[in-house]
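Work through the following exercises with the sequence and the structure at hand. Each task is followed by a solution in steps.

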Amino acid sequence: MAYNDVLAELGIRNGSSEKLECIAERDQSVVLRKCCGELCEVGKEEYRRLIAGGHASPLNIEPTAGFIPDEHARVAQSMKLHAIRRDDELRRAGNSARKSAEIIGTELRENPRFIRYVPAQFGLRTLQHWKQCKSKDGRSALLPKTHLKGNHGERYDELYEEIAMAALEEIYLKNDRISTGKLSDLVAYRYEQAWYEKHKADTQKQLNPHGKRSLEAVLRKLRVDDVISYRHDSETAKKLKLQAQFFHRVQMPFDLVEVDCTTGNIHLMGVDRTCIGRPTFSIAVDAVTGFPVGLRISLSAPREELTVQTIKDVMTDRGDAFFEKYNIENRFEMTGVPQIISSDQGSENSGGHLSRLIEQSGAEWAKNAPGCPEKKPFVERFNRELSEYLQTLAGSTHTKELPDKERTEKGMLEACLTIEQLEALVMKWLYDVYATKVRRRIQSPLRVAESPMQSWKRLQSQAVLPPVPEDITEWFMVEKTVRKVWHYGIEVEGVLFHSPELGELIKHIGVRRSLDVRYDPTDCREIAVIHESLAVPLIVPAKSDDVAAVSFADAKRMRTVSQETKKADLKARSTAMELALEAQTRAEEIGRGKVQSLKSARAKEAMRRKHQQILDNSKVPPRSQTSAVERANQPTPKAPVRRRSERPTIEQME
């Protein structure tokens with residue numbers, strides 16, 4: 001069902017601020033309560049889209065703690081709740097996230113009740129972690145986990161450790177062809193023989209754990225770099241050491257999102273029907289489902305703005321207009337906040353704006369070692385699928401029959417797709433073909449043979465909820481400036497912004513007033529206006545409806561005339577001047593040069609036009625023969641004048 005149809009069925013207008021309250025959760029649906037108190041039930045997918053659109057609140061059912069907290073735990077919980085409430089107050093007052101965290105840290109350290117419980121490294125990430133725990137598991141998630149401390153049992157005994165160490169030194173460190181699973185079977189066999197030999201008198205005693213996990217626990221005690229150096233040569237060991245610094249096991253959607261920029265293996269055509277080169281694909285792939293939750297196509301080289309726009313697509317719903325535009329049949333929304341973003345060391349994956357975005361969203365940025373594409377296998381796998389699809393289109397750089405160098409010229413001659421046409425084909429292939437293609441079990445981190453859409457349908461109820469529009473505004477609108485407001489709106493970086501709400505604000509405060517403005521440098525379609533009379537920042541769209549989703553720098557570059565255009569314009573102007581001089585020379589040759597008296601020439605031209613008009617009118621036949629009518633051309637009779645018989649006296653005149 002389309003999003004607008006869902007809103008209409010629930011009785012909510014698209015532009016209203018009404019929010020539905022979630023009161024219960026079921027297997028495939030949730031129960032919502034309207035403002036009037038009426039209950040309704042919607043599916044999990046519609047519920048996520050309502051949250052992303054700002055029309056529903058997350059589930060507010062807090063689990064119990066499971067234990068009785070002591071005084072220390074209660075005070076620590078009170079401190080975290082106080083910090084969260086104080087952060088909401090400071091953020092509504094117009095403070096940034098970092099400034100709010102600094103103020104809260106100072107206040108907590110000056111509070112005699114909370115000073116003992118404030119973390120030594122209290123900062124923005126600490127506050128974001130507390131808010132995330134509270135929104136996910138309720139108030140009980142803010143209690144300290146001190147009750148979980150202690151040793152809950154050993155993984156292995158001393159005999160197993162001794163046998164495992166001997167086997168590791170004998171086989172594992174010297175042979176890189178022996179896997180951990182095969183070695184665990186050998187260690188378990190030797191351990192059972194030694195244990196029965198030691199306890200053959202006591203038949204009631206049972207074996208301690210001695211499986212694969214026990215061997216992995218022994219391996220965790222060893223230094224990773226020592227083991228790698230023993231098993232491999234120096235060059236391979238160096239690469240594996242860098243890989244061993246980061247390891248993340250994904251379980252749910254958006255636990256790990258891999259980002260990469262690659263050049264498409266296809267030539268595109270410009271508006272003048274000439275080959276303009278190969279496009280750049282910026283892709284963000286979810287590790288669990290294998291679906292590209294963000295995809296951008298550009299003609300420019302990989303850069304930071306393109307990566308930021310791709311991450312923004314990961315957190316923003318596509319909307320019904322997107323599916324209608326590309327005529328997509330398999331329609332589903334897959335949005336959320338990535339917990340870990342993995343990328344390579346490219347220049348497009350670094351910059352001030354990207355760093356602030358990662359910090360604001362609470363995600364973790366994990367960059368891979370140089371020359372290790374195997375560290376992001378899911379996005380590399382999708383790149384291969386995309387390359388195979390592009391080979392079927394006209395203008396591809398290579399096919400299975402012809403390699404790159406042999407087909408380059410032929411692909412340039414075949415180029416017939418513009419970037420808009422290529423985007424339409426790729427988006428439809430993405431949802432209608434790739435989303436329904438089953439992945440092998442070995443290609444899935446969950447080891448399940450299912451398509452990306454099936455995986456998302458099965459796990460979407462457990463995935464991280466998508467951010468609300470207010471959070472997206474806070475995370476991406478990081479640039480601040482001050483602009484004066486005029487009757488026609490606000491101008492930022494050469495783009496004009498206006499809306500009916502801004503018009504009402506202008507009537508209230510007047511023109512030529514300075515306002516604080518926040519905007520996203522990578523998206524020139526809207527800005528956020530901040531004023532003391534507004535409870536939340538006012539989102540103002542661009543005044544023009546046909547503004548593209550490009551950065552302010554690209555918009556300025558599009559408005560700026562290039563040097564080639566200026567040269568062509570100058571050449572055209574000079575050619576026009578030469579033609580004018582040639583016409584003047586010809587006029588002087590036939591005796592019709594420059595007019596000496598402009599005033600007399602204008603009067604003479606006006607008289608000529610008048611005579612010409614009289615001549616034209618004389619040639620038009622009359623509508624009727626006026627001379628043939630008897631009543632025509634007769635003098636008009638005059639009325640008789642009546643005179644007084646007596647002259648008026650002075651009394652009559654007064």
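**Exercise 1. Surroundings of Arg 407**

Find which residues Arg 407 is in contact with, leaving aside its neighbours within four places in sequence, and decide whether Arg 407 is buried or exposed.

Solution. The model used here is a predicted one.
- Step 1: place the residue. Arg 407 belongs to helix α15.
- Step 2: list the contacts. With neighbours within four places in sequence left aside, Arg 407 is in contact with Ser 396, Thr 397, His 398, Thr 399, Leu 402 and Glu 414.
- Step 3: take a distance. Gly 395 is 12 residues from Arg 407 along the chain, and their C-alpha atoms are separated by 9.3 Å.
- Step 4: apply the cut-off. Buried means under 20% relative accessible area. Arg 407 has 8%, so Arg 407 is buried.

**Exercise 2. A loop residue after α15**

Locate Thr 418 and state whether Thr 418 counts as buried or exposed.

Solution.
- Step 1: Thr 418 sits in the loop that links α15 (404-414) with α16 (419-432).
- Step 2: its relative accessibility is 18%, and therefore Thr 418 counts as buried.
- Step 3: residues up to four places away in sequence are not counted, and Thr 418 then touches Leu 268 and Met 269.

**Exercise 3. Nonpolar cores**

Which residues have the most contacts inside the largest nonpolar core?

Solution.
- Step 1: recall the background. Nonpolar side chains tend to be buried together in soluble globular proteins.
- Step 2: the largest nonpolar core has 57 residues, and Phe 281 and Phe 382 are those with the most contacts inside it. Helix α16 supplies the largest share of this core, 7 residues.
- Step 3: look at Phe 281. Beyond its neighbours within four places in sequence, Phe 281 is in contact with residues including Leu 295, Ile 297, Leu 386, Leu 390, Leu 422 and Val 426.
- Step 4: look for another core. A second, separate core has 20 residues, among them Leu 505, Tyr 519, Ile 527 and Leu 538.

**Exercise 4. The two faces of a helix**

Compare the expected span of helix α7 with the distance between its end C-alpha atoms, then find where its buried residues lie.

Solution.
- Step 1: helix α7 (residues 180-198) has 19 residues and, at 1.5 Å a residue, should span 27 Å. The expected span is 1.5 Å times one less than the number of residues. The end C-alpha atoms of α7 are 26 Å apart, which agrees.
- Step 2: the buried residues of α7 are Thr 180, Leu 183, Ser 184, Val 187, Ala 188, Tyr 191 and Trp 195.
- Step 3: these buried residues cover an arc of only 135° around the axis, so they are on the same side of α7.
- Step 4: relate this to the helix turn. An α-helix has 3.6 residues a turn, so residues three or four places apart point the same way.
- Step 5: check the other face. Exposed residues Lys 182, Asp 185 and Glu 197 are on the face of α7 turned away from its buried side.

**Exercise 5. Strand partners**

Which strands join β4, and in what sense, parallel or antiparallel?

Solution.
- Step 1: of the 7 residues of strand β4 (residues 257-263), 5 are buried.
- Step 2: strand β7 (residues 280-286) pairs with β4 in the antiparallel sense, over 7 bridges. Here Val 257 is opposite Asp 286.
- Step 3: strand β9 (residues 340-343) runs parallel to β4, and 2 bridges join them. Here Val 257 is opposite Ile 341.

**Exercise 6. Positive phi**

Decide for Phe 254 and for Arg 512 whether each is buried or exposed, and find its phi.

Solution.
- Step 1: recall that most residues other than glycine have a negative phi.
- Step 2: Phe 254 has a positive phi, near 70°. Phe 254 lies in the loop between α10 (234-243) and β4, and with 0% relative accessibility Phe 254 counts as buried.
- Step 3: Arg 512 also is not a glycine, and its phi is positive at about 65°. Arg 512 is in the loop between α19 (500-509) and β14 (513-520). With a relative accessible area of 60%, Arg 512 is exposed.

Key: Residues numbered from 1 in each chain as written. Predicted model: local features only at pLDDT ≥ 70, side-chain atom pairs only at ≥ 80, totals over all residues. Heavy atoms only, no water. Helix = DSSP H or I, 4+ residues; strand = E, 2+ residues; numbered from the N terminus. Buried < 20%, exposed > 50% of the residue type's maximum accessible area, 1.4 Å probe, protein only. Contact = heavy atoms within 4.5 Å. Core = buried A, V, L, I, M, F, W, Y, C linked by side-chain atoms within 4.5 Å. Arc of directions from axis to C-beta. Pairing = 2+ DSSP bridges.
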